[in-house]
Amino acid sequence: MKICSTLSWFCLLGALFAGALLGQGCGGSAQTPPAQGQTPPAEVTQPPEAPPAPAVDAAVMAAGQTLYQANCLACHQADGRGVPGLNPPLAKSDWVAGDLARLVGVLLNGQQGPITVNGERYNGVMPKQAHLTNEELAQLLTYVRNSFGNQLGPVNLEQVQALRK
Ligand code: HEC
């Protein structure tokens, strides 16, 4: 500021010629650079109803989708709604949202016998998916738990490792 005031004529000139370009005149000293990229402080456009969805990695979701298509889609369908009376839904499923140990257990051990999913009875046979690595299971479960209307957050490798003994 001091330098500015002593060289105010220069600053004025500078402001005249370069002010418009640089967006800062005399007062815009180097200590306080102008806000980059015009990010307004308030996110007024964000509706308050949006839940604080846990961050899910896009690359993990993509890997999980590929695994889903290869291993699950045939029975549980592309939209995760399953086949009524035959293959239960993963969309909004209380099994998918429920205990992670039970969910991982379905994949590692398969599932057969009568079960109730979202109030509907099923009595089918799901083959175990134990060929999947822990990392693949984490990716797959992250995908399943964050697709088809599910918003349950990521499953990480450590969680699966702890459950597969
Ligand atoms: C051959 C068909 C088939 C395949 C492939 C299959 N499932 Fe299943 N899945 C079933 C059936 C049938 C049940 C219900 C079993 C029962 O009635 O006890 C089931 C149950 C489930 C359940 C528990 C109930 C629910 O709907 O939430 C989950 C979770 C699940 N499967 C996820 C998967 C995932 C993830 C894959 C891919 C890795 C997969 N399944 C592959 C047929 C299949």
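Of the 165 residues of the chain, 19% count as buried, a residue being buried if 20 or more other C-beta atoms, placed from the backbone, lie within 10 Å of its own, exposed if 12 or fewer do, and partly exposed in between. This is a predicted model, in which local features need pLDDT of at least 70 and side-chain atom pairs count only at pLDDT 80 or more, while totals for chains, interfaces and linings use all residues. Residues are numbered from 1 along each chain as its sequence is written.

**Overall fold**
- The chain has eight helices and four strands, where helices (H or I, at least four residues) and strands (E, at least two) are DSSP runs numbered from the N terminus.
- Along the sequence these elements follow the pattern α-α-α-α-α-α-β-β-β-β-α-α.
- Among contacts between residues at least 6 apart in sequence, 53% join residues at least 24 apart, two residues being in contact if their C-beta atoms, placed from the backbone, lie within 7 Å.

**Nonpolar core and helix H7**
- The largest nonpolar core, meaning a set of buried Ala, Val, Leu, Ile, Met, Phe, Trp, Tyr and Cys residues joined through C-beta atoms within 7 Å, has 18 residues, and those with the most contacts inside it are Tyr68, Leu137, Leu140, Leu141 and Val144.
- Helix H3 (58–71), helix H6 (100–109) and helix H7 (134–145) each give two or more residues to this core, and the largest share, six residues, comes from H7.
- In H7, 10 of the 12 residues are buried, including Glu136, Gln139 and Arg145, and what covers the buried residues includes H3, helix H5 (94–97), H6 and helix H8 (157–163).
- Valine 144, leaving aside its neighbours within four places in sequence, is in contact with Tyr68, Leu90, Val96 and Asn150.

**Surroundings of alanine 97**
- Alanine 97, found in helix H5, is partly exposed because 13 other C-beta atoms lie within 10 Å.
- Leaving aside neighbours within four places in sequence, alanine 97 is in contact with Asn150 and Leu152; alanine 97 and asparagine 150 are 53 residues apart in sequence and 8.0 Å apart in space, C-alpha to C-alpha.

**Shell around the ligand**
- Of the 29 residues around the ligand, counted if the C-beta atom, placed from the backbone, lies within 6 Å of it, Cys72, Cys75, Trp95, Gly124 and Met126 come nearest.
- Elements giving two or more residues to this shell include helix H4 (73–76), strand E1 (111–112) and H7.
- The shell residues divide into 19 nonpolar, 10 polar and no charged, with Ala, Val, Leu, Ile, Met, Phe, Trp, Tyr, Cys and Pro counting as nonpolar, Asp, Glu, Lys and Arg as charged, and the others, Gly among them, as polar.
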